[in-house]
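This report describes the covalent links, charged contacts and backbone features of one protein chain. The sequence and the structure come first, and the account follows.

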Amino acid sequence: MRTFLALAGTVTALTVAAAVPASASADASAVLTTGAAGGTAVAVGDTLTAPLATGTSATLYSSATGTSGVTCKASQFTARATANPAAPGTATESVTGHTFDSSTCTSNVTGVTGVSGITVDNLPYTASVSSDGTLSVAPASGSTIQTTVKLRTLLGSVTCVYQAPKLTGKASNTDSSITFTNQQFTKVSGSSLCFASGYFTAKYAPVTDAGARVFVN
């Protein structure tokens with residue numbers, strides 16, 4: 001199944017704040033702003049949140065081109081801004097939460113009857129957002145990005161653990177979104193019902209700071 005990052009944190013999460021960058025203007029502005037591109041700077045310590053984009057799902061599939069795995073219709077990440085320099089530059093965040101609502105998750109894997117839970121482990125992660133919209137999520141030194149997926153099967157409960165060294169996404173100012181596409185996780189434990197690899201895809205939007213949309217500059 002696809003690990004959610006935090007996964008998915010999972011994600012999952014994880015991760016992670018902002019959107020497709022605007023061109024740098026003559027007036028200096030911070031990398032992350034609210035209200036508009038070049039607007040009010042996001043303050044260090046502010047909490048950024050984002051749910052899945054309306055009408056989308058987070059998926060963890062067995063291959064980058066397949067459709068077999070786990071699908072969740074509700075997920076959210078929470079991150080705290082830790083640095084927000086002048087643009088162009090790179091802002092950083094601490095991803096403190098990445099959740100998946102297992103009641104909205106389903107699986108089409110043969111032998112699997114339901115999803116009991118998806119947990120993004122080893123938080124917090126560090127997220128960096130560059131002025132070009134590139135988003136990177138990394139674990140603490142000596143740790144790894146990890147997601148635990150618990151499945152109900154015909155033979156009882158199965159736990160699948162997936163890990164990834166990092167995640168890469170893209171931010172867009174069009175809808176203040178962050179998109180992860182086919183981020184690969186590797187199974188480190190679990191039965192044969194757990195895929196050897198999981199490919200995580202999700203779009204989170206809008207990223208907000210106290211209800212105001214976040215933009216990347």
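## Salt bridge, disulfides and backbone features

In this predicted model, Lys203 and Asp175 form a salt bridge through their side chains, with an N to O distance of 2.8 Å. The two partners come from separate parts of the chain: Lys203 belongs to strand S17 (residues 197-204), while Asp175 sits in the loop between strand S15 (167-172) and strand S16 (177-189), so the bridge ties together parts that are 28 residues apart in sequence. Lys203 has a relative accessibility of 29% and counts as partly exposed. Asp175 is also partly exposed, at 25% relative accessibility. The count of salt bridges comes to one.

**Confidence**

The protein chain has a mean pLDDT of 89, and 87% of its residues reach 70 or more. Residues 1-27 have a pLDDT below 50, and in the model this stretch has 160 contacts beyond near neighbours in sequence.

**Disulfides**

How many disulfides does a search of the whole structure find? The search finds two. A disulfide is a covalent bond between the sulfur atoms of two cysteines. Counting the bonded cysteines along the chain, the pattern of pairing is 1-2, 3-4.

One disulfide joins Cys72 to Cys105, with an S to S distance of 1.9 Å. This pair links distant parts of the chain, since Cys72 lies in strand S6 (residues 69-72) and Cys105 in strand S9 (residues 105-107), 33 residues apart. The torsion about the S-S bond of Cys72 and Cys105 is about 110 degrees, so this disulfide is right-handed. Cys72 is buried at 0% relative accessibility. Cys105 is likewise buried, with a relative accessible area of 7%.

A disulfide also joins Cys160 to Cys194, again with an S to S distance of 1.9 Å. Cys160 is placed in strand S14 (residues 156-164) and Cys194 in the loop between S16 and S17, so the link ties together parts that are 34 residues apart in sequence. The link of Cys160 and Cys194 is left-handed, with -75 degrees about the S-S bond. Cys160 has a relative accessible area of 0% and is buried. Cys194 is buried as well, with a relative accessible area of 3%.

The table sets out the accessibility of the four bonded cysteines.

| Residue | Relative accessible area | Class |
|---|---|---|
| Cys72 | 0% | buried |
| Cys105 | 7% | buried |
| Cys160 | 0% | buried |
| Cys194 | 3% | buried |

**Backbone features**

Most residues other than glycine have a negative phi, and most peptide bonds are trans. The following residues depart from these general patterns.

The peptide bond from Leu123 to Pro124 is cis, with omega near 5 degrees. Pro124 is located in the loop between strand S10 (112-121) and strand S11 (125-130). Ala205 and Pro206 are also joined by a cis peptide bond, where omega is about -10 degrees. Pro206 is located in the loop between S17 and strand S18 (208-209). Strand S17 is also the strand that holds Lys203 of the salt bridge.

Ser176 is not a glycine, yet its phi is positive, at about 50 degrees. Ser176 is found in the loop between S15 and S16, and the loop between these strands also carries Asp175. Is Ser176 buried or exposed? With a relative accessible area of 0%, Ser176 is buried.

Ala210, again not a glycine, has a positive phi of about 55 degrees. Its place is the loop between S18 and strand S19 (212-216). Ala210 is exposed, with a relative accessible area of 81%.

**Surroundings of Thr34**

Thr34 is part of strand S2 (residues 32-34). Its relative accessible area is 14%, and because the cut-off for buried is under 20%, Thr34 counts as buried. Which residues are in contact with Thr34, leaving aside its neighbours within four places in sequence? They are Gly39, Thr40, Val42, Asp209, Ala212, Arg213 and Val214. Among these contacts, Asp209 falls within strand S18 (208-209), and Ala212, Arg213 and Val214 fall within strand S19 (212-216).

How values were computed
Residues numbered from 1 in each chain as written. Predicted model: local features only at pLDDT ≥ 70, side-chain atom pairs only at ≥ 80, totals over all residues. Heavy atoms only, no water. Salt bridge = Lys/Arg side-chain N within 4 Å of Asp/Glu carboxyl O. Helix = DSSP H or I, 4+ residues; strand = E, 2+ residues; numbered from the N terminus. Buried < 20%, exposed > 50% of the residue type's maximum accessible area, 1.4 Å probe, protein only. pLDDT = per-residue confidence, 0-100. Contact = heavy atoms within 4.5 Å. Disulfide = S-S within 2.5 Å.
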